[in-house]
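This report covers selected local features of one protein chain. A loop glycine comes before the strand pairings and a helix contact.

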Amino acid sequence: MGNPELVHIRKADVRQPPRYWRTLSEYRNGEAFAERQAPEFTIPIDSLPPTQIDRRTVLSCLAASAALAGLSACTSLPEREIVPYVQQPEYLIPGKPRHYATAMQLGDRVIGLLAETHLGRPTKLEGNPNHPASLGATDIYAQAEILTLWDPYRAATVRRGKDSATWAAFEEEAGRIRSRMQSDGGRGFRLLTGAIRSPSTLATIGELLHQFPEARWHWHEATWRDAETDAGAAAHAQDARPVYRISAADVIVALDSDFLHGMPGSLAYAREFAGRRRPSAEGSMNRLYAAEPIPTVTGSCADHRLAARCDLIPIIAGALLAELSSDTSGSDAIRRLDAAARSWVRRAAADLKRSRGRSLVIPGEFQPASVHRLAEKMNQFLGNGANAVRWIDPNATAFSNREGTLRGLIDDMEAGRVETLLILETNPAYSAPEAARFIRAMAKPPLRLHAGLYETETSRLCHWNLPMAHFLESWGDLCAFDGTCSIVQPTIRPLKGQKPALEILATLLGSPLTTDGEIVRTHWQREAAAGRLEGTVDFETFWRRALRDGVIRKGIQGAERAASAPAQPSAAGGADEEIPTPPPIQTDNTLELVFRPDPTLFDGRYTNNGWLQELPNPITSLTWGNAALMCEGTAQRLGLVQSDAVEITLGGRSIQIPACIVPGHTENSIVLHIGNGRVKAGGERVGVDVNPLRVPGAEWNATGATVRKLGFQIPLAIRQQHQNMENRDLIRSWTLEEVLSKERTSKTELQPERFSLYPERPLRDAPQWGMSIDLSACIGCGACTIACQAENNISVVGAEEVRRGRIMHWIRLDTYFEGDPAAPGIHHQPVPCMQCENAPCEVVCPVGATAHSEEGLNQMVYNRCVGTRYCSNNCPYKVRRFNFFQYADYETGSLKGMRNPNVSVRSRGVMEKCTYCVQRIEAAKIRAKVSDQPLSDGQIVTACQQVCPTQAIMFGNIADPGSRVSRAKADTRNYTLLEELNARPRTSYLADIRNPAREPADSEDAKEGAA
């Protein structure tokens, strides 16, 4: 009669909203959704037209397919001549990587790295454990830099106009420029750069300005945040920027701040935050409040999240300060917020008061200076400055040119005061809010030069285009968010003769130091001679140690010195700060536009990086493009559904873009991500450029936009989301109170003994590998997906294949929503291969391509696989990927250099999946055998584990009861996916624990609700 439990599930009311869901369609769970999910085929067989194919023909085709299966699963590679070393370098050993400490800059962020090379080829980047900004972890951008280095579309030729030129010709031009500057003191010369975090580059620019005092330096950084430094200058006697100590805070309030993912120091902040998210026996766990217009990585981890318009964040900040300080002047602001915002403010204020000295208020990166000043006053009033916040001089992190703005450069060009303009690696013609004005003004200077990694929208406006070297091809130095400095050392010579920025500046100066290595080393020698280096060691010892460790011990003197202390707050908690008057409640549905850097493409500099284009957005799962993100209510009011094309108009400027409905998005607000729609980026144009809607003074949010439905759809490449929960406990989320009161216990411990047709596999003498993923620590940043892709030579498939559900990632990140779509809880779950002990995929493979190892790994033998895909059909976790086409590019020569030689590159027609980085396992076993030492816990680190900033992923030998992964699996929170199937996965999870606060007893909103 079948399983009565399954009958009960089939007869369940499909209209009952589930607790956890992945898409709005699943939440609504209407009849259309149920009917679409029920049948195996969307088109009934009996409705298909009759054909002439009979049973005999079908069997003949099957026989032919079986005969040719082995051939069709293989691809013949072109023959190449292999030239061996005449004399192999002693330090280059095939199969044994070498590592070099370095660092990278992205906007105003700097992180320390270790570059892994094979036979002189950089193939992977990892975090430097010695560096305080990385702590051994990396983000998606650092992982993707390997693909940028080997990108065949990088600028490779010096160009003068449309013609090819040489570096010798540029040196002659530089000599002529220098002669003119010597005659007039550099009056008509302008230098335009991005943010400078390099002390040696800053010193070189300083020397340029010293030699030519009439020259001017300007800067443009698309994601620069002036408000933070402006607020620090207002509160202190000098410029200052905050550095937070997240681990010291029991309560954190984020005011439109994505501090876990999108600001300097975010890797360190994420590590400290996750360290307080694991519940202890004493019940110690931090609590996060977040107010933001759209769910972010930080907001998705919040215990209390408020969806609020961007222009209401200053009002919320003022109301929170008034509530903290009992300032009656702010009571009107609190009353005029809606009920949800009032409740959030009162609950947060009560929590902050209880945690004086152990709390933190973090203002939004793109919020105005008023929010930053209010946050500083709250931190002062709560006494957090001595414990959780310290202030440093921003010039100690190398950048010191707040005056030379892009607007000033445009004014000078329009006035005809610019004769020569040199642009170093910045692209204002695309990313500046006043790009149109900049483009018009660029016609005025008689000589324009551009140096960058790519030919860009700005470079095509210049007379000279100079190909610039990647940071992995250059010497340099960088200062991180806290003032810690690192030496950037090259791992390979420039692939096509590109030049570093330091050498281009030295050529212009006529400096006797002609190489970037000489410039960097000489700069630090001068620092040592001037006594600005701490310690008493000689310079050679210092230099070798800096190269080896990747950090300059304790930085430069003064780099971490605190800015002057602010005045103590008044008893009223800073009543001298004017609290913004809240605007009237919007009754006319006025729309707000919010602009943010793209979560994967940043400001557009990664447009040509296929890894990042195909990385799903952590909230929307959108790839290959952008959309107008809005909530369901706003979409219904505008008459829109998913993928509808809309025209957004603001101030007479318009764009056309698809709509995307996002759970948890605030009402009457549309979020647009910059970084898409590049017309000059190497590859094809992807997405929509939203920069035309941005104007100076309203770079990050604006009101008054209109939206018009266009009557057609633009397909969105959203990662396949057809799987749904089906009332199963795939994601488990408990509260800390439930854990401490033991109301929740993992079902794994409660399952009765199960019977199986599989033979019992006892743990052998060999190590038994397993993984545990702590969902309380996972923030959903997606770094594990990119790290796995870089480590295992995984190909991108393109937007059309993503729409077909053929994305190739070996570890996917599933996002689940809980509760009401207007204000859902958000949970993330990384899903690799489960490495089942009773693997359903193994018994159905007709050729034994998927097999079980004695160490418990489910292995794939590629040269056996004939592409039947039976294993994928039988996998209940859907973690196997079939490469339908030749996704790997064997023809582009430069891409061959970036591939990991220890991992095979698959041809078409074979199944791929996570292997627990078996190549790393084998390398560690070989090292242990050579050293005659047993493997110890922590010696093997998978790619996803190593990159994770929160250390949410644990891997090791589960046969060792003392290993970290074994201790995690013994935790009461431990569970496995679909455990009722008795597949016995080696990958398990620790349930997500949230720490919500109770409503204050005297809350007016609580009384209103009770009434």
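## Gly-262 and its surroundings

Gly-262 lies in the loop that runs between strand 10 (251-255) and helix 9 (266-275). The model is a predicted one. With a relative accessible area of 13%, Gly-262 is buried, since the cut-off for buried is under 20%. Apart from neighbours within four places in sequence, the residues in contact with Gly-262 are Arg-109, Arg-225 and Glu-365. Arg-109 is 153 residues away from Gly-262 along the chain, yet the C-alpha atoms of the two are separated by 9.1 Å.

## Strand pairings

Three strand pairs are listed below.

| Strand pair | Sense | Bridges |
|---|---|---|
| Strand 22 (residues 628-630) and strand 24 (residues 653-661) | parallel | three |
| Strand 23 (residues 644-650) and strand 24 | antiparallel | six |
| Strand 29 (residues 769-774) and strand 36 | antiparallel | five |

Strand 24 appears in two of these rows, once with strand 22 and once with strand 23. On the strand 22 side, Ala-628 has Ala-659 of strand 24 as its bridge partner. On the strand 23 side, Leu-650 is bridged to Arg-653 of strand 24. Strand 23 and strand 24 form a hairpin with two residues between the strands, and Gly-651 in this hairpin has a positive phi near 60°.

Strand 29 and strand 36 belong to an open sheet of four strands, ordered 36-29-38-37, with mixed pairing. At its edges are strand 36 (953-957) and strand 37 (974-975), each of which pairs on one side only. Within the antiparallel pair of strand 29 and strand 36, Trp-769 has Asn-957 in strand 36 as its bridge partner. In a regular strand, side chains point alternately to the two faces of the sheet.

## Helix 19 and helix 20

How do the axes of helix 19 and helix 20 cross? The axes of helix 19 (residues 516-529) and helix 20 (residues 539-549) come within 11 Å, and the crossing angle is roughly 130°. The two helices are therefore oblique to each other. Their crossing is right-handed.

Helix 19 contributes Val-520, Arg-521, Trp-524, Gln-525 and Ala-528 to the contact, and these meet Phe-539, Glu-540, Phe-542 and Trp-543 of helix 20. Sorted by class, the contact of helix 19 with helix 20 has six nonpolar residues, one polar residue and two charged residues.

Technical notes: Residues numbered from 1 in each chain as written. Predicted model: local features only at pLDDT ≥ 70, side-chain atom pairs only at ≥ 80, totals over all residues. Heavy atoms only, no water. Axes fitted to C-alpha atoms, helices over the stretch in contact; angles between N-to-C directions. Parallel < 35°, antiparallel > 145°, perpendicular 65-115°, else oblique. Left-handed = near helix turned anticlockwise from the far one by under 90°. Contact = heavy atoms within 4.5 Å. Nonpolar A, V, L, I, M, F, W, Y, C, P; charged D, E, K, R; others polar. Pairing = 2+ DSSP bridges. Buried < 20%, exposed > 50% of the residue type's maximum accessible area, 1.4 Å probe, protein only.
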